[in-house]
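Q: Hi! Could you walk me through this one? I'd like to get a feel for how the pieces fit together.

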Amino acid sequence: MSKEITSRKEDYAQWYNDLVIKGGLADYSAVRGCMVIKPYGFALWEEMRDELDRMFKETGHENAYFPLFIPKSFLSREAAHVEGFAKECAVVTHYRLKNDPDGGGIIVDPEAKLEEELIVRPTSETIIWNTYKTWIQSYRDLPLLINQWANVVRWEMRTRLFLRTTEFLWQEGHTAHANAEEAITEARLMLDVYTDFVENFMALPVIRGVKTPSERFAGAIDTYCIEAMMQDGKALQAGTSHFLGQNFAKAFDVKFSDKQNKLDYVWATSWGVSTRLVGALVMAHSDDEGLILPPKIAPIQVVIVPIYKGDERKELLDARGKELASALKKAGIRVKFDNNDNNRPGWKFAEYEKKGVPVRLALGLRDLDNHTVEVARRDTKDKMSLPAEGLIERIVLLLQEIQESMYRKALLFRDDHITKADDWDEFVRLLDEKGGFISAHWDGTPETEEAIKDKLKATIRCIPLNNPPENGKCILTGRPSKERVLFARAY
RNA sequence: CGGGAUGUAGCGCAGCCCGGUAGCGCACUACGUUCGGGACGUAGGGGCCGCAGGUUCGAAUCCUGUCAUCCCGACCA
């Protein structure tokens with residue numbers, strides 16, 4: 001049992017905070033709602049970012065960078081968009097400070113008021129489409145496939161480390177196409193990319209679906225999403241991809257000439273994932289001893305802990321440890337040899353478990369004599385002694401096995417937390433006692449969706465893609481329904 | 001923005017009721033012994049007691065304000 005981490009059973013929210021703070025991922029900062037991402041947490045984000053970036057480029061996208069500030073007037077061009085974001089925007093009104101003539105330190109200079117206020121971007125559709133207007137003339141300029149890695153600000157009332165912070169890091173893809181079909185294909189393609197990444201790298205199974213109109217992105221025609229299930233039975237939206245139709249093209253007057261030289265508005269998508277994924281990763285896999293990171297994105301995949309007996313053969317032990325580390329590194333493994341003399345082995349064991357390092361190797365005098373290494377895996381806590389011969393190959397395989405095993409475990413949990421409900425009492429009972437996704441019929445109206453949300457705090461997470469048609473009655477109103485949708489309480 | 005809690009050493013806390021030299025554990029520094037599951041000894045360093053007023057001979061402690069953070073709700077990725 002960890003001395004420092006609150007157990008999930010005792011207090012799930014506190015457990016999550018403890019993991020993030022004590023696992024060394026992030027700290028609270030002096031700024032309300034904003035966190036400091038610490039080196040270990042940032043390394044994890046970098047692993048995720050680099051893999052996603054590779055995937056984006058492989059699917060033909062290029063990176064660019066657009067301004068942090070957006071003129072206020074831009075935001076209001078698209079009606080639904082401004083409606084969705086207006087309540088959570090940080091606004092820059094002045095550009096200068098000065099000494100307080102009354103001696104109270106520094107104040108905003110009232111004379112330095114901006115002609116037009118600037119919004120700190122909550123997302124960049126408006127500034128980007130304003131720019132695209134000048135980039136796009138002809139069908140030959142399409143498709144335009146751009147991504148940007150950036151920070152954004154949404155003034156949320158309540159924040160939680162990684163899951164919802166005032167400022168967060170993300171990527172936002174913004175593409176322009178000659179017709180609707182191509183744009184929809186793009187939106188779906190990026191949903192595939194997200195699915196691939198989250199399932200195969202984060203070892204986290206997701207449900208792919210489409211949002212109901214009330215859960216749609218502000219300004220979108222359709223919002224596709226991937227939804228993941230956390231250990232406490234709450235759902236978490238892990239990524240979204242939007243088909244924006246011609247909404248932004250019309251708002252910013254972005255037209256192109258087609259082959260027949262006819263002018264038309266271009267078709268758009270946008271898609272994003274954020275540092276929120278780090279929160280999902282933490283909540284989905286970890287246990288009461290600390291983080292459990294999937295090997296493919298763990299900043300440290302293997303840690304080697306030497307166990308000394310005084311100075312006896314210490315140099316040999318060090319040499320053997322370094323040799324092992326460099327052999328693992330050569331095999332493409334991110335490895336750390338921790339021969340720091342300040343902490344004892346037991347302390348290190350606990351520390352690296354807290355940090356979720358997938359594999360720990362312990363190397364002591366006994367191992368030198370027997371030509372063995374003690375191998376411990378973080379996810380199952382299994383320990384075994386392996387011969388030094390062929391160890392590298394075994395570790396490579398073990399990392400794969402851990403990756404797959406973590407996915408299987410999360411998948412079992414997820415599948416066990418999709419439950420059908422066909423009457424209201426059952427629906428309520430499931431939500432309160434079991435949690436997870438509840439698959440139920442819905443009459444398709446926003447009113448019913450809203451009523452269920454008010455009563456139970458459960459929302460429709462998505463209508464799964466490839467959802468089988470099935471005639472039934474709405475869980476609340478009893479009106480006819482043609483398919484089931486997934487309800488859940490969500491982060 | 002409502003409700004609750006908390007601000008005292010880097011972290012976790014005691015002291016506050018009942019005003020009188022600011023403490024404990026961990027961490028840190030030095031040296032030594034240790035090292036197969038969170039080591040131990042000895043000697044050290046570190047504080048505008050969140051901030052601003054007030055009461056008092058004297059305030060971490062009492063009073064008034066204020067700021068910040070966390071948790072729970074409404075809003076949201």
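What follows is a chat about a sheet, one of its strands, some helices that pack on it, and helix H1.

Q: Before we start, what kind of model is this?
A: It is a predicted model.

Q: Okay, how many strands are in the open sheet, and what's their order?
A: There are 11, in the order S3-S9-S10-S16-S13-S12-S11-S24-S27-S23-S22, and the pairing is mixed. The edges are strand S3 (62-63) and strand S22 (418-420), each of which pairs on one side only.

Q: Let's zoom in on S27. Is it buried or exposed?
A: Strand S27 covers residues 484-488, and 5 of the 5 are buried, so the rest of the structure largely encloses it.

Q: And which way do its side chains point?
A: Arg484, Leu486 and Ala488 point one way, while Val485 and Phe487 point the other way. Even Arg484 is among the buried ones.

Q: Why the back-and-forth?
A: That is the usual pattern, because side chains in a regular strand alternate between the two faces of the sheet.

Q: Which strands pair with S27, and in what sense?
A: Strand S23 (residues 437-441) pairs with S27 in the antiparallel sense over 4 bridges, and strand S24 (residues 459-464) is also antiparallel to S27, over 3 bridges.

Q: Which residues can I look for there?
A: Try Val485, the bridge partner of Ala440. For Phe487 in S27, the residue standing opposite is Ile460.

Q: Moving along the sheet, how many bridges join S10 to S16?
A: Strand S10 (residues 167-177) and strand S16 (residues 267-274) run antiparallel and are joined by 8 bridges. One spot to click on is His174, which stands opposite Ser270 in S16.

Q: What about helices on the sheet?
A: Helix H13 (residues 424-434) packs on it, touching S22, S23 and S27, and the direction of H13 makes about 170° with that of S23. There is also helix H5 (residues 125-135), lying across strand S9 (144-153), S10, strand S13 (235-245) and S16, at about 30° to S10.

Q: Switching topic: which residues of H1 are buried?
A: In helix H1 (residues 12-22), the buried ones are Tyr12, Trp15, Tyr16, Asn17, Asp18, Leu19 and Val20. Their cover includes strand S1 (26-28) and helix H8 (276-285).

Q: Anything to see at the two ends of H1?
A: At the start, a side-chain oxygen of Asp11 comes to within 3.3 Å of the backbone nitrogen of Ala13. Just after the helix, Gly24 has a positive phi of about 80°.

Notes
Residues are numbered from 1 along each chain as its sequence is written. Chains are lettered from A and ligands numbered from 1 in the order in which they are written. This is a predicted model: local features need pLDDT of at least 70, side-chain atom pairs count only at pLDDT 80 or more; totals for chains, interfaces and linings use all residues. Side-chain values use heavy atoms; hydrogens and water are left out. Buried means under 20% relative accessible area, exposed over 50%, partly exposed in between (1.4 Å probe, protein chains only). Two strands pair if DSSP finds at least two bridges between them. Contact means heavy atoms within 4.5 Å. A polar contact is a pair of N or O atoms within 3.5 Å; within protein, one must be able to donate a hydrogen and the other to accept it, and residues adjacent in sequence count only if both atoms are side-chain atoms. Axes are lines fitted to C-alpha atoms, for helices over the stretch in contact, and angles run from 0 to 180 degrees between N-to-C directions.
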